[in-house]
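Work through the exercises below with the coordinates open. Try each task before reading its solution.

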Amino acid sequence: MSSVRRFRHLPHALCALFVFLPGFVSAQSGGMSTGPGQAESKPADGSQAAAAAAQHPPLLDSLKRPITAGGFVSSGPVIFQDISEKAGITHWKHTMGTADKQFILETDGSGVGLIDYDNDGWLDIYFVNGSTFKALDGKEPSPHAALFHNNHDGTFTDVAAKAGVTNDRWGFGVAIADYDNDGWPDIFVANYGKNRLYHNNHNGTFTDVGEKAGITLGNWSAGATWGDYDGDGRLDLFVAGYVHFDRANPPVSGVDGVSLAFCSFRGEPVNCGPHGLKGEPDHLFHNNGDGTFTDVSEKAGVADLPGYYGLTAVFVDINNDGKPDLLVGNDSTPNYLYLNKGDGTFEDVSYASGYALNEAGRETATMGIAVGDFQNNGQLDIYNTTFSDDYKPLYRNEGDANFTDISYQLGIAEVSVPFLGWGDSFIDYDNDGWKDLLTVNGHVYPQVDQHPWGTTWAQRPMLFHNLEGKKFDVVPPVEGTGLAIVIPGRGLAVGDLFNDGKLAAIINVEDQHPVILRNVNADHHHWLELKLVGGPKSPRDAVGATVYLTANQMRQRADVISGGSYISTSDPRAHFGLGDVTTVDSIEVHWPSGKVEKFPPPAAVDRILTLTEGSGQ
């Protein structure tokens, strides 16, 4: 049992005191402890990287390139191919401020959401766009979001203008779900400025009902997640607040008390924050069932009173009690884990659970959250992407919402240190029944390209292959394939884009065109996907449901989630790799209503099935 979890039943504030004891040195206290076997060091600065463990020496490949943009091999397994141009999506470009990234608002990038908006059985893609200060001032056209309709032939058509979902605001996160239970998925967009809630009109168009719904807020909303926290059958909305960014007084070193220490990286001037800036509060909106929402953040106990820098959030049942709990990944401040008490409130067990900090007792700069059962033991584990100069923690679920950071044990810690991670996902790319791990990466400071620090602005993705829950192997980036692309990646969504049982990766790229990585792995393993439809007492799209499938002498788990990765939304269908077997032994669905239902094994696999609550078929 870790030192953190020994104090599980202490109040949050008392637990926080232990962060400042030996072995629990906080970045905010002016010092940091490091990973196993590393010496403790002092932070080089107070910038966004202040959560990193140390200034690591540069790691270069044989051609003297930083490993973040190199390390390619000439041969090996080919997992993904970049089909972006063939798919017809490269004419759209993401925009996020100016190239020099003077302000933190211009750095974080945007998410991507997978949505079957027209209910034709094929996933479409929604790419959130950023903006510029000139656009906000009406001095140039606003960058548009993209809604790419799936043409069923490997190509996509941007219909955002026709559908009425261009946003035309400074966009960040996207959370997709059917909030009004009408059978059609809707789109929430988190913005700097007012948020939007696009209601699906069932005819290929959407209407922004954000003002009427009461969820617009007004400063910097980052990620969001939908979940029925109170069990009334209606999806509620949680919105993570990041930094309070005042355009009238933008954060510049030496102005309005913004310290130079919070505006430098490795001694070089960069944009200021998030440390030294005011955090934006989080918000939980209760769905009233009439198209409106009520802010219940403080009443529910999830208002983020310390003012941490929230980015990504996920509603998911962490302790297997049938109620959705809440994870919030915070940048350079401790993460939140709120357990659902079942009475409309949450218990903050962030420190007591072991999730607030990493193994060394440090807060991290958490960007993305991947949730999945990588050991096939029925417990949900958590993988967080973090800043460069820091390893990325994988928290193993020990049961009862107790977590242990085991990245070093699994062999995925050191290799991740030079990378600055964003979107992440547990993805069974080879359909062997074991969840692998994919991350997309890219720095926040363009200045890193001007220095021999061993990291780069644009970075390649990383893929880890799951060895039956015991360890992960790094999948090498083969030249000319999807793992060898070098991009400033941000949002990542994963899904069966082509209905072939192979999970693709869809990436929103800062200041560039987006990327679709098609899964072309040579395996011939079998698979099964399940689209869930909730009954009268569950959300219609079954967000919050958990599925257990037994086959090939293993019991897998999949959860229906809206949100996660880095401020993105993946395929809502439960995906299962079956290995070499062609039969399924059992399917058990734990519906959000609390009903547990067993379904007969399908007559055949390698297909997509729809399971409806209460039908038994």
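**Exercise 1.** Which residues does T216 touch, not counting residues up to four places away in sequence?

Solution. This is a predicted model, in which local features need pLDDT of at least 70, side-chain atom pairs count only at pLDDT 80 or more, and totals for chains, interfaces and linings use all residues. Residues are numbered from 1 along each chain as its sequence is written, and side-chain values use heavy atoms, with hydrogens and water left out.

Step 1. Place T216: the loop between α5 (210-213) and β10. Helices (H or I, at least four residues) and strands (E, at least two) are DSSP runs, numbered from the N terminus.
Step 2. List the contacts (heavy atoms within 4.5 Å). T216 touches G193, K194, N195, G210 and E211.
Step 3. Check burial. T216 has a relative accessible area of 11%, so T216 is buried. The cut-offs are under 20% for buried, over 50% for exposed and partly exposed in between, with a 1.4 Å probe and protein chains only.

**Exercise 2.** Is N330 buried or exposed? Find its strand and its contacts as well.

Solution.
Step 1. N330 belongs to strand β17, residues 325-330.
Step 2. Its relative accessible area is 0%, so N330 is buried.
Step 3. Leave out residues up to four places away in sequence. N330 then touches Y308, Y309, G310, N335, Y336, T364, A365 and T366.

**Exercise 3.** Do the same for K435, then find how far K435 lies from P185 in space.

Solution.
Step 1. The loop between β24 and β25 (436-441) holds K435.
Step 2. K435 counts as buried because its relative accessibility is 11%.
Step 3. Set aside neighbours within four places in sequence. The contacts of K435 include G372, D373, F374, N466, F472, Q556 and R557.
Step 4. P185 is 250 residues from K435 in sequence. The C-alpha to C-alpha distance is 27 Å.

**Exercise 4.** Classify the ring pair F103 and F245, then look for charges over rings.

Solution.
Step 1. Recall the criterion. Rings of Phe, Tyr and Trp (its six-membered ring) pair if their centres lie within 6.5 Å; planes under 30 degrees apart count as stacked, over 60 as edge-to-face and the rest as tilted.
Step 2. The structure has 28 aromatic pairs. For F103 and F245, the ring centres are 6.1 Å apart and the planes stand at 75°, so the pair is edge-to-face.
Step 3. Locate both ends. F103 is in the loop between α2 (84-87) and β2, and F245 in the loop between β11 (236-241) and β12 (264-265). They are 142 residues apart, so the pair links distant parts of the chain.
Step 4. Both F103 and F245 are buried. They also belong to one aromatic cluster, with F133, W170, F172, Y192, W220, Y242 and Y309.
Step 5. Now the charges. A charge sits over a ring if NZ of Lys or CZ of Arg is within 6 Å of the ring centre and within 35 degrees of the ring normal. R490 lies over the face of W457, 5.4 Å from the ring centre. The charged end of R518 sits over the ring of F498, 3.8 Å from its centre.

**Exercise 5.** What is the volume of the largest pocket, and which residues lie nearest its centre?

Solution.
Step 1. Fix the terms. On a 1 Å grid over the protein atoms alone, a cavity is a set of points where a 1.4 Å probe fits but cannot get out, and a pocket is an open set with protein on both sides within 12 Å along at least five of seven lines; lining residues have an atom within 4 Å of a point. Points are joined across faces, edges and corners, and a volume is the space filled by probe spheres set on the points.
Step 2. The largest pocket holds about 600 Å³. Its lining has 29 residues, with D116, N119, K531, D541 and P572 nearest the centre.
Step 3. β31 gives the most to this lining, with three residues.

**Exercise 6.** How many cavities of 30 Å³ or more does the structure hold? Describe the largest.

Solution.
Step 1. There are four such cavities.
Step 2. The largest cavity has a volume of about 560 Å³.
Step 3. Its lining has 31 residues; V371, S425, F426, D559 and S570 lie nearest the centre.
Step 4. Elements giving two or more residues to this lining include β20 (369-372) and β24 (421-427).
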